[in-house]
Each structure stands twice: as structure tokens, then as C-alpha cells.
Amino acid sequence: MSTRAQTPLSPGASLPWTNSLALLLLRVVVGGVLLAHGAQKIFEYTPAGTAASFEKMGVPAAAFVGPAVGWLELIGGALIVVGLLTRVVAALLAVDMLGALFLVHLKAGLFVAQGGFEFVAVLAAVLLALVLAGPGKLALDAAVMPRMRRSRAAQA
């Protein structure tokens with residue numbers, strides 16, 4: 001058995017700032033990807049074009065769901081990047097990705113090149129991880145939520 005003290009960078013050591021940094025990295029990447037996909041659905045394909053595409057893919061209520069998904073990905077992606085309302089927005093976006101997985105991509109197999117589900121599955125997994133872990137300390141939630149809790153406690 002080793003008698004050496006464990007340093008902060010020892011294998012197995014976990015520092016709060018490294019966890020928050022890891023969550024920031026996940027938020028910026030997944031939020032940026034979703035923001036870009038939302039912008040594509042809204043500004044390039046247009047809401048009407050996105051709805052038509054969703055209808056061709058067999059998505060129920062495509063006239064509503066297509067534009068709603070575009071706006072959710074655009075605004076939700078931005079909120080995930082900055083870490084605001086992270087758990088709620090990540091949960092909504094995870095439902096979006098799981099819907100895409102089960103309604104469109106699952107039947108095409110794993111690989112995205114064949115229209116498969118690997119991309120939406122990874123996005124869903126990261127979003128669910130953010131729901132469970134929260135945004136970390138490097139997020140607007142960390143700055144805003146404690147103030148909101150203190151404000152509610154003072155009102156009670």
C-alpha cells in the first residue's frame with residue numbers, strides 16, 4: 001500500500017473546478033451544435049420547409065412540430081451554451097432527440113451516413129447527463145439560481 005498523499009492531479013482525484021469545466025465543455029459543444037441545427041431549420045430551410053420535411057419523414061403534427069423543434073433547438077441551444085435553465089431545456093431537447101431517434105432514425109440503423117441514429121443518440125445522452133448533473137459552476141444558472149433561492153427564502 002502506498003503512503004504517498006494523493007495530489008489534485010492524481011488518477012481518481014476530482015476537483016470541483018474540473019467537473020464544472022467538463023460540464024462547460026459539454027454545454028458549449030452540444031449547445032452550439034443544437035443552436036446551429038435550429039438556425040438551419042429556421043433560417044435556411046424555413047419553418048414551412050422544415051414542417052414539410054418532417055411530414056415526409058412521418059413525424060406526427062409536422063406543421064406544428066417542425067417549427068417548434070427548430071425554435072427549441074435554436075433558443076435551447078443558446079441557453080445550454082450559457083447555462084441558463086439548463087436542466088429544463090436539456091430535458092426538452094433530450095425529448096426532441098429521442099423523438100428523432102424513434103420516429104425517424106432508428107429504422108435506418110446505427111450509422112449517420114445511412115440516416116441512422118448515432119448522432120441523435122449521442123446528443124440525447126449528453127443532454128440527459130446535463131439534466132442529471134446540472135450545468136456546473138461556470139453557468140448563468142449558478143449565478144442566478146442562488147439569488148432566486150435567497151429571494152424566495154426572504155419572502156417566506
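Okay, before anything else, one term: when I say a residue lines a pocket, I mean it has an atom within 4 Å of a point of that pocket, and a pocket here is an open set of grid points with protein on both sides within 12 Å along at least five of seven lines. Keep that in mind, since the largest share of the lining of the largest pocket, nine residues, comes from helix H4. And please remember throughout that what you see above is a predicted model.

Right, the overall picture. How many helices and strands does the protein have? Six helices and zero strands. Going along the sequence, then, you just read α-α-α-α-α-α. There are 156 residues in the protein, and 30% of them are buried. If you take the contacts between residues at least 6 apart in sequence, 64% of those join residues at least 24 apart.

Back to that pocket. Rolling a probe the size of a water molecule over the atoms shows where empty space is left. For the largest pocket, that space comes to about 650 Å³. Its lining has 32 residues, and the ones nearest the centre are Lys41, Phe54, Glu73, Asp96 and Ala100. Which helices supply the lining? H1, H2, H3, H4 and H5 each put in at least two residues.

Let's stay with H4, then. Its buried residues are Thr86, Val89, Ala90, Leu93, Ala94, Asp96, Met97, Ala100, Leu101 and Val104. If you look down the axis of H4, those buried residues fall within an arc of 160°, so they line one face of the helix. Turn to the face pointing away from that buried side and you'll find Val88, Val95 and Phe102, which are exposed. You may have noticed Asp96 and Ala100 twice now: both are buried in H4, and both are among the residues nearest the centre of the largest pocket.

I want to pick out a residue from H4, Thr86. Is Thr86 buried or exposed? Thr86 has a relative accessible area of 0%, so it counts as buried. Its side chain makes a polar contact with the side chain of Asp141, at 2.8 Å. A polar atom of that Thr86 side chain also sits 3.4 Å from the backbone oxygen of Gly83. Skipping neighbours within four places in sequence, Thr86 touches Arg27, Ile80, Pro135 and, again, Asp141.

Another residue in H4 is Ala91. Its relative accessible area is 30%, so Ala91 is partly exposed. What I like here is the pairing with Leu130: the two are 39 residues apart in sequence, yet their C-alpha atoms are 8.4 Å apart in space.

Leu130 brings us nicely to H5, where it is one of the buried residues, along with Val120, Leu123, Ala124, Val126 and Leu127. Why do we say these line one face? Down the axis of H5, the buried residues fall within an arc of 165°, so one face of the helix is what they line. Over on the other side of H5, Val122 and Leu132 are exposed. And what covers the buried residues? That includes helix H1, residues 16-44, helix H3, residues 62-82, and helix H4, residues 86-105.

As for its dimensions, H5 runs over residues 118-133, so that's 16 residues, and it reaches 22 Å from first C-alpha to last, close to the 22 Å expected at 1.5 Å a residue. Right after H5 comes Gly134, which has a positive phi, near 85°.

Two more residues and I'm done. One is Pro67, which sits in helix H3. With 18% relative accessibility, Pro67 is under the 20% cut-off, so it counts as buried. Which residues does Pro67 contact, leaving aside neighbours within four places in sequence? Ile42, Pro47, Ala51 and Ala62. There's also Phe54, 13 residues away along the chain, with 9.6 Å between its C-alpha and that of Pro67. Phe54, you'll recall, is one of the residues nearest the centre of the largest pocket.

The other is Thr50, in helix H2, which covers residues 46-56. Thr50 is buried too, at 2% relative accessibility. Setting aside neighbours within four places in sequence, Thr50 is in contact with Lys41, Tyr45 and Gly66. Lys41 also turns up among the residues nearest the centre of the largest pocket, which takes us back to where we began.

Terms used:
Residues numbered from 1 in each chain as written. Predicted model: local features only at pLDDT ≥ 70, side-chain atom pairs only at ≥ 80, totals over all residues. Heavy atoms only, no water. Helix = DSSP H or I, 4+ residues; strand = E, 2+ residues; numbered from the N terminus. Buried < 20%, exposed > 50% of the residue type's maximum accessible area, 1.4 Å probe, protein only. Arc of directions from axis to C-beta. Contact = heavy atoms within 4.5 Å. Polar contact = N/O pair within 3.5 Å; in protein donor to acceptor, adjacent residues only side chain to side chain. 1 Å grid on protein atoms, 1.4 Å probe; cavity = no way out; pocket = protein on both sides within 12 Å on 5 of 7 lines; lining within 4 Å. Points joined across faces, edges and corners; volume = space filled by probe spheres on them.
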